[in-house]
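Me: Please take a close look at one part of this model, the surroundings of the two ligands, and then set it against the helix contacts and the sheet.

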Amino acid sequence: MRQAGTWLHAGIALLIGAMPAGLAAAQPDLVQRGEYLVRAGGCFSCHSAPGGQPLAGGRALKTPFGTFYSPNITPDRETGIGNWSDVDFVRALRKGVRPDGANYFPVFPYPSFTGISNEDAVAIKAYLFSLPAVHAPNRAHDIGFPFSWRFLQSGWKLLFFRKGPFRPHQEWNDTINRGAYLVTALGHCGECHTPRNVLGAMRRSMWLAGTADGPDDKPVPNITPDPKTGIGEWDEDDIAELLVTGAMKEVVADGTKYLTDDDRKAIAAYLEAQRPIVNKIVPPREDKRTWYRRLWDWLVGLFSFV
Ligand code: HEC
Ligand code: HEC
C-alpha cells in the first residue's frame with residue numbers, strides 16, 4: 001500500500017516536473033483539456049446543488065444507506081479544496097482516499113474514477129483551480145449507523161475495489177478502447193446502469209444491464225446490446241445521438257452533450273461490443289415478482305462479489 005503510494009507520488013512528481021516551469025494551473029491548454037474532462041466526468045451534476053453555485057457542493061444524493069451531500073470542490077481554501085496538492089487530488093479521485101488518510105464513501109464514484117489516467121486527473125484539477133473560489137461549508141451526510149463509519153469502508157474496499165488505471169484491451173481497436181475509457185472510468189456509466197449488491201457494489205456480472213432501483217429510486221435501462229431488453233436494435237448513430245438529446249437529463253445536459261463526435265461514437269462502439277445481457281427492467285410499482293423470487297434475488301445480490 002505504502003509502496004503504491006510512493007509510486008503514485010513519484011509518477012505525479014515526474015509528470016509535473018515534465019511541465020514547463022511546473023505551473024500546471026497557469027497552462028491554458030491544460031485547463032481547457034480539464035474542462036472537457038470535467039464535463040465527461042459529470043462533476044457538475046453531482047457537485048452543484050439546485051440553485052447553488054456550480055461545484056460548491058451541497059447536492060443531496062439519496063441512497064439505500066441514507067442521504068449524502070456532495071462537498072465543495074471549488075478552490076476555496078477554507079471550505080473547498082484550495083489547499084490540496086496535485087497528489088492529494090489524484091489520490092482522492094483514483095484511490096478514494098482523503099488527504100487525512102480516511103476513506104471516501106463510494107457514492108463518490110471513485111471505483112470508476114480509479115481508471116482515470118494521472119495526466120487527466122491533473123488536468124481536471126487545473127481546470128477546477130482556474131474557477132472562482134466559492135465559500136460554502138460542507139454539509140454533513142445524513143446516514144445511519146453502521147454505514148456512517150468511514151473506517152468500515154476499508155473492508156468494503158478490500159472486497160470490491162479494483163484499482164485502476166484503465167488498461168486498453170488488446171482485442172479491441174482504438175475507438176472501442178477510447179469508448180471503454182470514457183464509459184468505465186470518466187463517464188462512470190456503470191454507476192447508474194449496473195445493478196448493485198446489498199453492500200452497494202456494482203455487480204460485475206451484470207455490467208450495464210440496468211436496474212429497477214437506480215439513483216433516487218428510479219429505474220435505469222439496460223444498455224447492453226440485447227435486442228429485446230437492451231439496446232441491441234439501436235445502431236451507433238442512434239446511441240451517439242442520444243448522448244446529445246436524450247432523456248438522461250443531467251448526464252446529457254452537464255456532460256455528454258459537450259463531448260466531441262468522435263468520443264460519442266467511441267462510446268457507442270464500446271456499448272455495441274459488450275456482451276448482451278437479458279435483463280428486463282420493471283419499475284418497482286409494476287413488479288409482480290413473488291416474495292421467494294425477491295428473496296432469491298436479494299441473496300444473489302448479497303453473495304455476488306463479481
Ligand atoms: C455521483 C455523484 C458524484 C459525481 C459524478 C462526482 N462526485 Fe465528487 N464526490 C461526491 C460525493 C458524495 C463526495 C463525498 C464522499 C464522502 O464524503 O465520502 C465527493 C467527493 C469528492 C472530492 C473530495 C472532496 C473533499 O472535500 O474531500 C473531490 C475532490 C471530488 N469529489 C471531485 C470530483 C470530480 C473531479 C468529479 C468529476 C470527475 C466528481 N467528483 C464527480 C459525489 C460525486
Ligand atoms: C446518473 C445516472 C446515470 C448515468 C451516470 C448514466 N446514465 Fe444513462 N440513463 C440513466 C437513466 C435514468 C436513463 C433513462 C432515461 C430517463 O428516463 O431519464 C438512461 C438512459 C440511457 C440510454 C437510453 C437507453 C434506453 O433504452 O432508452 C443510454 C444509451 C444511456 N443511458 C447511456 C449512458 C452512457 C453511455 C453513460 C455514460 C456516459 C450513461 N448512460 C450514464 C441514468 C444514467
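Reply: What follows goes through the two ligand shells, then the helix packing, the sheet and two backbone details. The model is a predicted one.

Start with ligand 1. Its surroundings are made up of 21 residues, and the closest of them are G41, C43, C46, Y104 and F108. Two elements, α3 (43-47) and α4, give two or more residues each to this shell. Of the elements, α3 gives the most, with three residues. Sorted by class, the shell around ligand 1 holds 16 nonpolar residues, four polar ones and one charged one.

Ligand 2 is surrounded by 24 residues. Here the closest are G187, C189, C192, P221 and M248. Three helices each supply at least two residues of the shell: α9 (190-193), α10 (236-245) and α11 (249-254). The largest share comes from α9, which contributes three residues. By class, the shell around ligand 2 consists of 14 nonpolar, seven polar and three charged residues.

Each shell leads on to a helix contact. On the side of ligand 1, the helix to follow is α4, one of the elements that give two or more residues to that shell. Helix α4 covers residues 86-95 and packs against α6, residues 118-129. The angle between them is about 115°, and their axes are 10 Å apart. The crossing of α4 past α6 is right-handed. From α4, the residues in the contact are D86, F89, V90, L93 and R94; α6 answers with N118, A121, V122 and K125. The class count for this contact is five nonpolar, one polar and three charged residues.

On the side of ligand 2, the helix to follow is α10, which supplies at least two residues of that shell. Helix α10 packs against α12, residues 261-272, at an angle of about 125° and with the axes 8 Å apart. The angle therefore makes α10 oblique to α12. This crossing, too, is right-handed, with α10 passing α12. The α10 residues in the contact are E236, I239, A240 and L243. They meet R264, K265, I267, A268, A269, L271 and E272 of α12. By class, the contact of α10 with α12 divides into seven nonpolar and four charged residues, with no polar ones.

Next comes the sheet. In general, strands of a sheet pair through backbone hydrogen bonds, in a parallel or an antiparallel sense. In this model three strands form an open sheet in the order β1-β2-β3, and the pairing is antiparallel. The edge positions are taken by β1 (60-63) and β3 (142-143), each of which has a single partner strand, so one side of each is left without a neighbour in the sheet.

The pairing of β1 with β2 is antiparallel and runs over four bridges. Among the paired positions, A60 stands opposite Y69 in β2, and K62 has T67 in β2 as its bridge partner. A hairpin through two residues joins β1 to β2.

On the other side of the sheet, two bridges join β2 (residues 66-69) to β3, again with the strands antiparallel. G66 has I143 of β3 as its bridge partner, while T67 is bridged to D142 of β3. T67 thus appears in both pairings: K62 is its partner in one, and D142 is its partner in the other.

Two backbone details in loops remain. L55 has a positive phi of about 65° although it is not a glycine. This residue lies in the loop between α3 and β1, and α3 is also the element that gives the most to the shell around ligand 1. The other detail is the peptide bond from G164 to P165, which is cis, with omega near 0°. P165 belongs to the loop between α7 (153-160) and α8 (174-186).

Note on methods. Residues numbered from 1 in each chain as written. Chains lettered and ligands numbered in written order. Predicted model: local features only at pLDDT ≥ 70, side-chain atom pairs only at ≥ 80, totals over all residues. Pairing = 2+ DSSP bridges. Near = placed C-beta within 6 Å. Nonpolar A, V, L, I, M, F, W, Y, C, P; charged D, E, K, R; others polar. Axes fitted to C-alpha atoms, helices over the stretch in contact; angles between N-to-C directions. Left-handed = near helix turned anticlockwise from the far one by under 90°. Contact = placed C-beta atoms within 7 Å. Parallel < 35°, antiparallel > 145°, perpendicular 65-115°, else oblique.
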